[in-house]
Amino acid sequence: MNARSEISMTEEEVLRYELEVFKVKHRDLDEAITALQEKGTADALTLQRLKREKLHLKDRMERIRDQLTPDIIA
């Protein structure tokens, strides 16, 4: 059985909502990182933390996409 058949419609809706929220947060972090780099006001530690958080969000989005996409055996 694949993951899609194991989740109910309400769980799928929750996953889709979470995915959209994470996309917005990811985009906001990207914009914040770019702005801080352009201004040159952020220290390296702050930029590293923001980039790590952005990567963590990307990983979470991929896990959600994997749950929402059915396995196709060719």
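Across the chain of this predicted model, pLDDT averages 88, and 86% of the residues reach a score of at least 70. Confidence is lowest in helix α1 (residues 3-6), where the mean is 57, and highest in α3, where the mean is 95. Where pLDDT is low, the predicted coordinates should not be read in detail.

**Overall architecture**

The secondary structure amounts to three helices and zero strands, and the order along the sequence is α-α-α. Of the 74 residues in the chain, 19% are buried. When contacts between residues at least 6 apart in sequence are considered, 71% of them join residues at least 24 apart. Helix α3 covers residues 44-68, and its length can be checked against its geometry: at 1.5 Å a residue, its 25 residues should span 36 Å, and because the C-alpha atoms at its ends lie 36 Å apart, the model agrees with that expectation.

**The nonpolar core**

The largest nonpolar core has eleven residues, namely Leu15, Leu19, Phe22, Leu29, Ile33, Leu47, Leu50, Leu57, Met61, Ile64 and Leu68. Two elements, α2 (9-39) and α3, each give two or more residues to this core, and the largest share, six residues, comes from α3. In soluble globular proteins, nonpolar side chains tend to be buried together. One of the core members, Leu47, touches Ile33, Leu36, Gln37 and Ala42 when residues up to four places away in sequence are not counted.

Which residues of α3 are buried? They are Leu47, Leu50, Lys54, Leu57, Met61, Ile64 and Leu68, a list that includes a lysine, Lys54, whose surroundings are described next.

**Lys54 and its partner**

Lys54 sits in helix α3 and counts among the buried residues of that helix. Once its neighbours within four places in sequence are set aside, Lys54 is in contact with His26, Leu29, Asp30 and Ile33; of these, Leu29 and Ile33 also belong to the largest nonpolar core. With Asp30, Lys54 forms a salt bridge in which the closest N and O atoms are 2.7 Å apart. This pair links distant parts of the chain, with Lys54 in helix α3 and Asp30 in helix α2, 24 residues apart. The side chains of Lys54 and Asp30 are likewise joined by a polar contact of 2.7 Å. Asp30 is classed as partly exposed because its relative accessible area is 34%, whereas Lys54 is buried. Side chains of opposite charge can pair when their charged atoms come close.

**Salt bridges compared side by side**

The structure holds five salt bridges, among them the three in the table below.

| Salt bridge | N to O distance |
|---|---|
| Lys54 and Asp30 | 2.7 Å |
| Arg49 and Glu53 | 3.7 Å |
| Arg65 and Glu62 | 2.8 Å |

The Arg49 and Glu53 side chains meet at 3.7 Å, N to O, and since these residues are four apart in helix α3, about one helical turn separates them. Arg49 counts as partly exposed because its relative accessibility is 46%, and Glu53 falls into the partly exposed class at 36%.

How many residues apart in helix α3 are Arg65 and Glu62? Both lie in that helix at a separation of three residues, about one turn, and the closest N and O atoms of their salt bridge are 2.8 Å apart. Arg65 has a relative accessible area of 30% and is therefore partly exposed, while Glu62, at 37% relative accessibility, is partly exposed as well.

**The loop ahead of α3**

Asp43 is found in the loop between α2 and α3. Is Asp43 buried or partly exposed? With a relative accessibility of 42%, Asp43 counts as partly exposed. The side chain of Asp43 is joined to that of Thr46 by a polar contact of 2.6 Å.

**Reading the model**

Taken together, α3 is the element with the highest mean confidence, 95, and the contributor of the largest share of the core, six residues. Through Lys54, this helix also takes part in the salt bridge to Asp30 in helix α2. Helix α1, with its mean of 57, is where confidence is lowest in the chain.

Technical notes
Residues are numbered from 1 along each chain as its sequence is written. This is a predicted model: local features need pLDDT of at least 70, side-chain atom pairs count only at pLDDT 80 or more; totals for chains, interfaces and linings use all residues. Side-chain values use heavy atoms; hydrogens and water are left out. A polar contact is a pair of N or O atoms within 3.5 Å; within protein, one must be able to donate a hydrogen and the other to accept it, and residues adjacent in sequence count only if both atoms are side-chain atoms. Contact means heavy atoms within 4.5 Å. A nonpolar core is a set of buried Ala, Val, Leu, Ile, Met, Phe, Trp, Tyr and Cys residues joined through side-chain atoms within 4.5 Å. Buried means under 20% relative accessible area, exposed over 50%, partly exposed in between (1.4 Å probe, protein chains only). pLDDT is the predictor's confidence in each residue, from 0 to 100. The expected span of a helix is 1.5 Å times one less than its number of residues. A salt bridge is a side-chain nitrogen of Lys or Arg within 4 Å of a carboxyl oxygen of Asp or Glu.
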